[in-house]
Amino acid sequence: MAITIETAASASAVNPAYNEIIYVCSSTNVAQPGFKYLVDIYLDGVKVSRRRVSAEPINNKLIVDVSSIIENFINSHDLVYPFSTNPIISAEDSCKDFVVKFGEEYLVATVRTQFPDLVTDTFRAYNCAYNYTEWVNSSGTNTGVLTDKPAIAYKSGYYGAGHSSIVLASGATLTSYTIQTYLAGVLQDTYVIPLGAVGAKTAYNFATGFDSINLINSVLITGAPTQPILTTAIDRYDIAITTSVGTTLPIIHNLVDRCEEQESDRLHFLNRFGGADTFDFTLLGTSSVQMEKKTMRRSVNRLTSAGAATASTEDRGLTTYNSTFNRVDKLSSNWITEEESNWLVDLLASPKVILERDGLFVSVVIEDTSYDFKTEQKDQLFKIDVNIKHSIKENRQRG
C-alpha cells in the first residue's frame with residue numbers, strides 16, 4: 001500500500017479558507033476492486049471530517065478540494081475594540097492549523113477493508129476570500145498585514161479603535177511591534193510595544209489607528225513611552241511588525257487634517273483578507289426606523305360579571321398583536337480619495353460589520369447591494385453613503 005501526495009496545501013505558507021485548497025494524490029492500489037481514497041481532516045487532534053472519494057477516471061488520481069470543510073471551523077473573526085489594556089491581542093480564531101491524513105479502501109476477499117492514515121500533511125488556513133485574480137496571482141499566500149487600506153490616517157480625537165491584523169506562516173513567530181513617528185521625513189521617536197503575555201499565536205490584531213494608539217497605556221510601551229504618541233507635531237507614523245523569519249511588514253500612515261461635522265460613526269469590518277479594518281463616517285447622516293406590524297380584528301362586545309353587555313369609546317376592534325422594528329441609519333463619509341473608493345468596496349461586501357457609536361459597539365448589516373467606483377479624473381470630489389440596519393430586531397408589547 002503506497003499513497004503519494006503530489007500537490008499539498010502545506011506548499012503554501014497560509015491558505016485562504018474560502019478559495020480552493022487542492023490536494024492531488026496517487027496510489028499503487030487503484031486497480032483493486034471497489035477502490036476509493038480516504039480523506040480524513042483533523043483539528044486539534046480530533047477528526048472532524050472523513051470523505052470517501054473515487055479515483056479520477058482519466059489518471060486514477062485523487063483530486064479533492066477541502067476548503068468547504070475548512071471554512072466551517074474558521075468562519076469567525078476577532079473584531080476587537082479599544083486597545084488601552086492590550087495593544088496587541090490574539091486573533092487565532094480566524095487562523096488554524098489542520099492535519100489531513102490520506103488512506104484508501106477496497107475489497108479484500110469480497111470484504112470492504114479500510115487502510116487509513118497512510119500519509120499525512122499539515123497546513124495552516126485563515127478566514128480569507130481572495131478575489132479570483134488575487135487568488136491566481138498570489139498562489140493563495142498572504143503572510144503580511146491583512147489589508148489593502150490606503151496609507152492615510154486622519155487626525156481624530158474621537159474615542160475609537162483603528163486596528164489591523166496579521167497572519168503568520170506556519171512555524172513563524174511574532175518578534176516585535178514598533179511605532180515610529182516622522183515630521184517632514186525626519187524620524188522623531190521610536191516606540192516599542194512588548195508582546196507581553198499574548199504568546200505565540202497563529203494570528204494577531206494590533207492597534208494602528210490614530211486614536212487607538214494614543215489610548216495605549218504608557219506602562220505598556222518601552223523606548224519613548226510618553227503619551228500621546230501621535231500629535232500635531234508629526235505628519236506621518238509607521239508601524240512595523242517583525243517575525244522570526246526576519247520579514248518586516250510596515251504600515252505607513254500619512255496624517256491628514258479634515259473638518260468634521262460630528263463625532264465619527266465608525267464601522268469595524270471583516271475584510272476579504274480575513275483581517276480587521278475600520279472606516280469613519282464624519283458627516284451628518286440620517287436615522288429612521290423600519291416597522292412591521294400584524295393586526296387582527298376582534299369583537300368589541302364585553303360582558304360584565306352580571307352578564308350585561310357594555311361598550312366604551314376606548315374599545316379596540318382592530319388590534320396590533322405583534323410589532324417589531326429595526327433601526328436604520330444612513331452614514332455619510334467625508335471627501336475620500338480614489339484609493340479609498342476602491343478599497344471601500346470591501347466594506348460594502350463584508351459579512352461582518354460592527355458600528356461604533358458613543359462608546360457602544362453594535363452589530364449591523366450593510367443594506368446596499370451595489371457600489372459605484374469613483375475616479376478623480378471623472379468625478380473630481382466624491383464621498384460615500386452607506387445604509388446600515390441594526391441586526392437585532394426589537395419587539396414591542398402585544399396589544
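Begin by selecting strand 23 and strand 24, which form a hairpin with two residues between them; in the turn, aspartate 358 has a positive phi of about 55°. Strands here (E, at least two residues) and helices (H or I, at least four) are DSSP runs, numbered from the N terminus. The model is predicted, so local features need pLDDT of at least 70 and side-chain atom pairs count only at pLDDT 80 or more, while totals for chains, interfaces and linings use all residues. Residues are numbered from 1 along each chain as its sequence is written, and side-chain values use heavy atoms, with hydrogens and water left out.

**The hairpin and its neighbour**

Select residues 353–357 for strand 23 and residues 360–366 for strand 24: five bridges pair them in the antiparallel sense. Two strands count as paired if DSSP finds at least two bridges between them. Within this pairing, glutamate 356 stands opposite phenylalanine 361 in strand 24.

Next, add residues 385–390, which are strand 25; strand 24 pairs with strand 25 over three bridges, again antiparallel. Isoleucine 366 has isoleucine 388, in strand 25, as its bridge partner.

**An open sheet**

Move now to the open sheet of three strands, whose order is 7-14-11 and whose pairing is antiparallel. Strand 7 (88–90) and strand 11 (163–167) are its edge strands, each pairing on one side only. On average, neighbouring strands of the sheet are turned by 25° against each other, direction ignored; the axes are lines fitted to C-alpha atoms, for helices over the stretch in contact, and angles run from 0 to 180 degrees between N-to-C directions.

Select residues 203–207 to show strand 14, which is joined to strand 11 by five bridges. Valine 167 has alanine 203 of strand 14 as its bridge partner.

Is phenylalanine 206, in strand 14, buried or exposed? Phenylalanine 206 is buried, with a relative accessible area of 0% (buried means under 20%, exposed over 50%, partly exposed in between, with a 1.4 Å probe and protein chains only). Proline 87 lies 119 residues from phenylalanine 206 in sequence, yet their C-alpha atoms are 5.7 Å apart.

**The second largest pocket**

Finally, select Ala129, Asn271, Arg272, Asp346 and Pro351, the closest to the centre of the second largest pocket among its 17 lining residues. A pocket is an open set of points on a 1 Å grid over the protein atoms alone, where a 1.4 Å probe fits, with protein on both sides within 12 Å along at least five of seven lines; lining residues have an atom within 4 Å of a point. This pocket holds about 270 Å³ of space. Helix 5 (residues 345–349) gives the largest share of the lining, three residues.

Technical notes. Grid points are joined across faces, edges and corners, and a volume is the space filled by probe spheres set on the points.
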